[in-house]
Amino acid sequence: MKNYLGKMKGAPVSRGTPCWRDALWSWIGAFLGMAGVGWISSQSIEAHPLLMVGSFGATSVLLYAAPESPLAQPRNVLGGNVLSALCGFATWSLLGDTWIAAAVAVSTSILIMQLTHTLHPPGGATALIAVIGSGELHELGWAYAFFPVGAGCLLMLVVAVLINNLARHRRYPQHWL
């Protein structure tokens, strides 16, 4: 029991001074990625409010502030979000927008992402949004996984490749597959 409880104590952490240049590159990438998604959303009359999927905010943190993370690589971003959107819609189709459907969608999307090596934490939110989303979102059906989710991820990935590689000390992606 002592060993078990001891694991919860954690270890001391040493944090260096944050690099303002790195933070600025992250800001520029996140701004351009989300602005691009927003602009495309505003041009698409039918899907205007739908392209701005809430999980894209968390995807932006990974893509632009932690581009070296395995969870931020293109396979994970695109695959994790699209598979999770499909999982979420399937769950909503079978179980409706209940609390149990939300739990099934999130947990099953995690399972699918782990088994396909596409783990991307915002994917859990993408699956949840498919269950608890608006009637407009549900009307999109299976297409939700491709537009807005797939299209938005592709746009943010293009921005991540272009912006992250402008900084001398950044390299993105670390790998494509």
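Start by selecting Gly88 in this predicted model. Leave out residues up to four places away in sequence, and Gly88 touches Ala105, Ala127, Ala130 and Val131. Gly88 itself is found in helix α4. Buried or exposed? Gly88 is buried, with a relative accessible area of 0%. Now draw a C-alpha to C-alpha distance from Gly88 to Ile129: you should get 7.5 Å, for a pair 41 residues apart in sequence.

Keep Val131 and Ala105 on screen and add Ala101 and Ala102. These four are included in a core of 5 residues, separate from the largest one.

**Zoom out**

Show the whole chain as a cartoon. You'll find 8 helices and 0 strands, so to speak a plain run of α-α-α-α-α-α-α-α along the sequence. The C-alpha atoms fill a box of roughly 55 × 50 × 25 Å along the principal axes. Of the 177 residues, 40% count as buried. Look at contacts with a sequence separation of 6 or more, and 71% of them come from residues 24 or more positions apart.

**The α2 and α8 pair**

Next, select residues 20–43 for α2 and residues 146–164 for α8. Two packed helices are described by the angle between their axes and the distance between the axes. For this pair, the axes come within 9 Å and cross at roughly 150°. That angle is over 145°, which means α2 is roughly antiparallel to α8. The crossing is right-handed.

Time for sticks. On the α2 side, pick Trp25, Ile28, Gly29, Leu32, Gly33, Met34, Gly36, Val37 and Ile40. On the α8 side, pick Gly152, Leu155, Met156, Val159 and Ile163. How many of the contact residues are nonpolar, polar or charged? Color them by type and you'll get 10 nonpolar, 4 polar and no charged.

**Follow Met156 into the core**

Stay on Met156 and hide its neighbours within four places in sequence. What is Met156 in contact with? The list is Gly33, Met34, Val37, Phe56, Thr59, Ser60, Leu63 and Tyr64.

Met156 also leads to the largest nonpolar core, which has 21 residues. Select Phe56, Leu63, Tyr64, Tyr144, Val149 and Met156: these touch the most other members of that core. Then color by helix. The elements giving two or more residues here are α3 (55–65), α4 (74–95) and α8. The largest share, 7 residues, comes from α8.

Key
Residues numbered from 1 in each chain as written. Predicted model: local features only at pLDDT ≥ 70, side-chain atom pairs only at ≥ 80, totals over all residues. Heavy atoms only, no water. Axes fitted to C-alpha atoms, helices over the stretch in contact; angles between N-to-C directions. Helix = DSSP H or I, 4+ residues; strand = E, 2+ residues; numbered from the N terminus. Parallel < 35°, antiparallel > 145°, perpendicular 65-115°, else oblique. Left-handed = near helix turned anticlockwise from the far one by under 90°. Contact = heavy atoms within 4.5 Å. Nonpolar A, V, L, I, M, F, W, Y, C, P; charged D, E, K, R; others polar. Core = buried A, V, L, I, M, F, W, Y, C linked by side-chain atoms within 4.5 Å. Buried < 20%, exposed > 50% of the residue type's maximum accessible area, 1.4 Å probe, protein only.
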